[in-house]
Amino acid sequence: MSVKELDDKFKQWNPMENDYKNTKFNHYVTGPGAELDAELLQNSKKANKDDNNAGKKDEQQAVPTLIFRHLPKDMTKKAMHNICSRHGRVKSVRDSTKNDYLFVDLATVADMEAVFRALEHNNYGFEILVGKNKKTSDGERNKVNQNYTPVPPQNTGIDYQNRSYRTSNKQHPRPKVKEDSLINRNSASAVDTGLPLQLLTNDAHSLERQGLYKMPNNQKFKYRNGRSYVNMPENTKKFIEKKHNESVGTYNGTSNKYEHKQENGLMAKDFDKCSVCFYACDTVCSRCSQHYCSVECQLNDWPQHRYICGKPKHLQKTPPPKKPNQLNKNSTNNSRNANKENPKTTKEKITKNDEKKSQQQLTNSSQASVVNKPKSLAKNDSQLPSTSKVAANAEQQRANDSGNSTKSAAQQNMPRSGNIVTITAISKTNVVFIRSKTYDDNLSYFNTIDSLQAIGQLLQPLKSLPKCGQMVIAKFENQYNRALVLQAANVEKILIIFVDYGNVEQMKLEDLYEAPEEFVSKPRHAIPVLLKDVPDLHMTQEIRKFMYTYLHNINVEIRYKPEDFLETNQIYSVELIDENTQQNLNKMIVKLSKPTEPQNTNEICNRGYLEQKVLPTGDNVEFFVMDNSLMSSGCISCTIKPYVIEIQKFQKELQSYAESLPQEAYTPRVDELCIARYSLDGLWYRGICLEAVGDGHPSIHFIDYGNITIVPIENIRRYPRQFTYPIYTADCEIKGLPEECDDKLIAKLEQIIPNNEVIKCDNVTTIEGENFYIISLPNVIRELNVCGLLESDQHVM
């Protein structure tokens, strides 16, 4: 035999192919595949053919098929295709010419098994059958109605030989971590903060305060701890600051005159009285140094003042007499000085929109705005006008409207049902802070914010640790705001809540200022409310995006009844309705949070559907051991403690969803997300199907803990698309351990690195592009070397 013939002979010889085609070695033993006809098994007709027939054309392979009988009256092929497509890939649906059967051809045997398991106990009324391999003496097949019989429910045998993934050798209890309370209610309850602390104890922004989460910013707005602020570019900030400096009048001590430019200029040293209301002030017209206490007074006086403003004496004209309505306005303003001791009798009608409009009018008429306060203001605080007049008036009006002195402060401050409000901060899915947008409340709010910015540079820093319930001034994105101290652990960790917005922040002592007495007595503009019929849920990314859109000063209508006031928490349960779209915010949040079981194959969630959180790397990193049952490979599953708390938060929602589903078995596909029951505690957890070998027991990787377990399909449910919680746990390889650990080494490692404990890693590195970390534990390796459990070339220096 020549060499060429020998080579050709060797090319034709393939013993692995022969074994693969031989049904004695390769055939289904359990599951629906075992009941298939011989011709449905892959390559079964070619299994025992002689090598001499290898060149012949192979017969066409039959497709795995399910037979449906006892069909409903109006069942069509298209309807059957849609029903089966929810559970597997359907190639075609055929009908029978002799009876009322429908034949559904599936893409693979795995799809056939998934469809069969899902529809075996259906509510449609039909019966599902698969072909059974019967041996007859004459070798002929029987009729269809005699050949196809129902398959037994399920075999209990587990195929361990054909699995490629290693499973956990032990089942450990799930770790539980006690969450540190955001607010120490024992210390806070001793002081009347006027807030429902039991509802604000654990909000949805704990990770954000720790720097572990950052909300994506809008083009116009940025977000921080449930509150929004304007996303202003740097060039815009510089332009506004430049225009502000150009429009501010200053006092020149050399010439004893007010000048438009600020070069070599000093602020005014003395107070004077407003030319309209005779109220003490230090702000002047930048053109003629006439004193005005506000833009409103300057605008009211402009019809007469324009005849003399900025003009030489020989060009000045006698102003015309004032109209009656102007006299009434001035007489009302003059009463402010006379009633200085009773601030509840006045109203200052100025808002941010009015200020912008007024400044525009002054610019168009070549009249500039008023000057800032002088540095000597710190010595003359007693001469400052009381800016709490409007706030006190609004508070008095609210008390008068209530007509019931027995009402609590929360009831008196609450806007009336049907009023327009805006959401200022978001605490949880069911707790938000609102601000009334009625005329008086708007005036009070803008007056408080604007007057606080005016004296911001003169505030005195806090020198000692504040007490719980103390009012302070703090900066939020370069804006001075009033804040209430909730907890002061030390100078580096002081918990405050901004009373005019509602967001909770953690500040340092050096960032806090003393609050002037007039700002302490002002009413708080942010009012907490409980969203009616909205549960306290873990805030997903979809819910957060929807709720944050209402932080952009959007008008919403508030609705509630007197009986909606909760005495225990001193808070109202309300409904919020979008003023423009009439959308019910409560119902929308419930809709976004309610999970629904996937019905179609396009709703199946795979591994990449969820975000994988990145764990910290570097030196001296603390990890929390979630599971060590795969220690035989030298790996453990870890995360950080704040992430453990987040995992615990959404577990109750997983339980509620899984328990609400019908008890139907589900066969997930490989890499498909699912919810599986853990046999040790009987609870449901998130998982990914690693492999399915056709025995009804796929290998499930519990992604939040790291262990791999064989789970029967009766304990598996579909994963809803609404559960977008990130994956917080990752696999970590211990540097210095062998690839395969023996029993003695595993026992020692489980003792040194117990489950549900914090370990300190000297160094943590990651493999780029993969969710896998390498941790360095030299103390552990050193102890193993002392015990003689490691070879000499495996230790780490």
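Two strands count as paired if DSSP finds at least two bridges between them. Keep that rule at hand for the exercises below, which work through a predicted model.

**Exercise 1. Find out how strand 13 pairs with strand 17, and where Val 472 fits in.**

Step 1. Count the bridges: strand 13 and strand 17 (residues 512–514) are linked by 3 bridges. The rule asks for at least two, so this is a pair.

Step 2. Read the direction: the pairing is antiparallel.

Step 3. Pick out a residue: Val 472 has Glu 514 in strand 17 as its bridge partner.

**Exercise 2. Describe the other pairing of strand 13, with strand 14, and the turn that joins the two.**

Step 1. Strand 14 (residues 479–490) runs antiparallel to strand 13, and 6 bridges join them.

Step 2. The two strands make a hairpin with 2 residues between them. On the strand 14 side, Gln 479 is opposite Phe 476.

Step 3. Now look at the turn: Glu 477 has a positive phi of about 50°.

Step 4. For the surroundings, note that 5 of the 6 residues of strand 13 (residues 471–476) are buried. Helix 15 (residues 439–454) lies across strand 13 and strand 14, at about 85° to strand 14.

**Exercise 3. Place strand 13 in its sheet and say which strands stand at the edges.**

Step 1. The sheet is open, has 5 strands with antiparallel pairing, and follows the order 16-15-14-13-17.

Step 2. Strand 16 (504–507) and strand 17 are the edge strands; each has a single partner strand, so one side of each lacks a neighbour in the sheet.

Step 3. On average, neighbouring strands of this sheet are turned by 45° against each other, direction ignored.

Step 4. Check the strand 16 end: strand 15 (residues 493–498) runs antiparallel to strand 16 and is joined to it by 4 bridges. Here Ile 494 is opposite Met 507.

**Exercise 4. Work out the layout of the sheet that contains strand 24 and strand 25.**

Step 1. This open sheet of 5 strands is ordered 27-26-25-24-28, with antiparallel pairing.

Step 2. Its edges are strand 27 (708–710) and strand 28 (716–718), each of which pairs on one side only.

Step 3. Strand 24 (residues 673–677) and strand 25 (residues 684–691) run antiparallel, with 5 bridges joining them. One bridge partner to look up is Ile 688 in strand 25, which goes with Leu 673.

Step 4. Add the helix: helix 20 (residues 651–660) lies across strand 24, strand 25 and strand 28, and runs at about 75° to strand 25.

**Exercise 5. Characterise the packing of helix 21 against helix 22.**

Step 1. Two packed helices are described by the angle between their axes and the distance between the axes.

Step 2. For helix 21 (residues 743–752) and helix 22 (residues 778–786), the angle is about 140° and the axes are 11 Å apart.

Step 3. Roughly antiparallel would need an angle over 145 degrees, and the two helices are therefore oblique to each other. The crossing is right-handed.

Step 4. List the contact: Leu 745, Lys 748, Leu 749 and Ile 752 of helix 21 meet Val 780, Glu 783 and Leu 784 of helix 22. By class, that gives 5 nonpolar, no polar and 2 charged residues.

**Exercise 6. Decide why helix 10 is described as largely enclosed.**

Step 1. Buried means under 20% relative accessible area. In helix 10 (residues 295–305), 8 of the 11 residues are buried, so the helix is largely enclosed by the rest of the structure.

Step 2. Name them: Val 295, Cys 297, Gln 298, Asn 300, Asp 301, Trp 302, Gln 304 and His 305.

Notes. Residues numbered from 1 in each chain as written. Predicted model: local features only at pLDDT ≥ 70, side-chain atom pairs only at ≥ 80, totals over all residues. Heavy atoms only, no water. Buried < 20%, exposed > 50% of the residue type's maximum accessible area, 1.4 Å probe, protein only. Axes fitted to C-alpha atoms, helices over the stretch in contact; angles between N-to-C directions. Parallel < 35°, antiparallel > 145°, perpendicular 65-115°, else oblique. Left-handed = near helix turned anticlockwise from the far one by under 90°. Contact = heavy atoms within 4.5 Å. Nonpolar A, V, L, I, M, F, W, Y, C, P; charged D, E, K, R; others polar.
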